[in-house]
Amino acid sequence: MLERVTYKLTEIATEDFFWATVTPTQAAIMLYGLPPPTPKETPEVLREIFVKKEKMIEEEYVQIIERVLKIRKDIEHGDKKFATGKEVDSLVEDSKKYLKRMNELFKQIEKLKEEEGIRHNYEGIVTIVRDILKLEGVDRVSDSDMIKIFEAEVIHKGLIPEKYLRILKDIVKAKKDYDIHKLNKTEVFQVNKDARELIKFLVEYVQRKRGKELERVKIRVKHGNRFGEIILLGKNAYIIHDIDNEDKEVSKATVTSDGRLIDIKESSIEELEKAITNTDMVQKTFIKETLFEQLKSIFGKDVEILINY
């Protein structure tokens, strides 16, 4: 009887059995978005993320894998060589129960990631569509009117191909269908794929559009063998002294009502990029004589204004 019990304990303590327990757990953790933990770290990750934070599994399953890890460690160190048949049967049954639960957890995480993907893509698309409408002069639009106004102000004017309106409609419908559990996994995959294509196109459109608008508020100059520019953003102006220098020197100034630049102080490319993002580029910009006169004091007496660059 002792030999049979000893044989079973050795059998279940092999590396194959151990990794059959640990690997599905690591797969679930990786699917969630975390790096695979070491076996020693696995129980704590399960407890902190899936028991306490997400409440997706129960504490008993963490305790099961802790027992499996302890038995493996005890066998490796020679602290445990024998076990009763009851102990072995309990370990095997608990491990089967644990593996079944890990498979369920994997499916739970898949569903969670699907929901996050659809919600994230949908919210991203709505935000970009609103940005595009704002660029076209439509500041406020309700969710219910968004597609209709986008179609009238953007699609019908030939700014964006009709194809992307169809994708937008499909994604809005898919979001509603998913919320009432009417989408299968294949449809979820296709929706997220289409959403990524739409987001990529819309982001590139906004970048091109804002790039054109940005050129309208720039004054580009040549001074010596260097090129600089002034970007007029409402009541502020940003001065780049050498646009070809990787470490761009940027200054910020206040624009007065008569067009002068005052309070010139040091700024950064990060502050400039933030200002560009937060400024309405559709504004009309007027360059007054006083500003032309100031260019010499900013860039030097040899400054030249570039036209049609």
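**Salt bridges, whole structure.** I searched the entire structure for salt bridges and recorded 26. The model is a predicted one.

**Glu 44 and Arg 47.** I then looked up individual pairs. Glu 44 is bridged to Arg 47, with 3.5 Å between the closest N and O atoms. I noted that both residues lie in helix H3, three residues apart, and are therefore separated by about one helical turn. An α-helix has 3.6 residues a turn, so residues three or four places apart point the same way. For the accessibility of the two partners, I found Glu 44 partly exposed, at 39% relative accessible area. Arg 47, at 14% relative accessibility, falls under the 20% limit and so counts as buried. I also traced the wider connections of this pair: a network of salt bridges links Glu 44, Arg 47, Glu 59 and Glu 66.

**Other pairs.** I examined two further salt bridges. Arg 220 pairs with Glu 229, and their closest N and O atoms are 3.0 Å apart. Glu 229 is buried, with a relative accessible area of 5%. Arg 260 pairs with Asp 258, where the closest N and O atoms are 3.1 Å apart. Here I entered Arg 260 as partly exposed, at 37% relative accessibility. Asp 258 is likewise entered as partly exposed, its relative accessible area being 33%. As background, I note that side chains of opposite charge can pair when their charged atoms come close.

**Helix H3.** I next checked the geometry of the helix that holds Glu 44 and Arg 47. Helix H3 covers residues 42-53, which is 12 residues. From first C-alpha to last, helix H3 reaches 15 Å, close to the 16 Å expected at 1.5 Å a residue. I listed its buried residues as Thr 42, Pro 43, Val 45, Leu 46, Arg 47, Ile 49, Phe 50 and Val 51. After H3 comes Lys 55, for which I recorded a positive phi, near 55°.

**Thr 25.** Last, I looked up a residue in another helix that touches H3. Thr 25 is placed in helix H2, residues 15-32. Is Thr 25 buried or exposed? I found a relative accessible area of 0%, so Thr 25 is buried. Setting aside neighbours within four places in sequence, I recorded contacts from Thr 25 to Thr 42, Leu 46, Ile 65, Tyr 98 and Met 102. Among these partners, Thr 42 and Leu 46 also appear in my list of buried H3 residues.

Conventions:
Residues numbered from 1 in each chain as written. Predicted model: local features only at pLDDT ≥ 70, side-chain atom pairs only at ≥ 80, totals over all residues. Heavy atoms only, no water. Helix = DSSP H or I, 4+ residues; strand = E, 2+ residues; numbered from the N terminus. Buried < 20%, exposed > 50% of the residue type's maximum accessible area, 1.4 Å probe, protein only. Contact = heavy atoms within 4.5 Å. Expected span 1.5 Å × (residues − 1). Salt bridge = Lys/Arg side-chain N within 4 Å of Asp/Glu carboxyl O.
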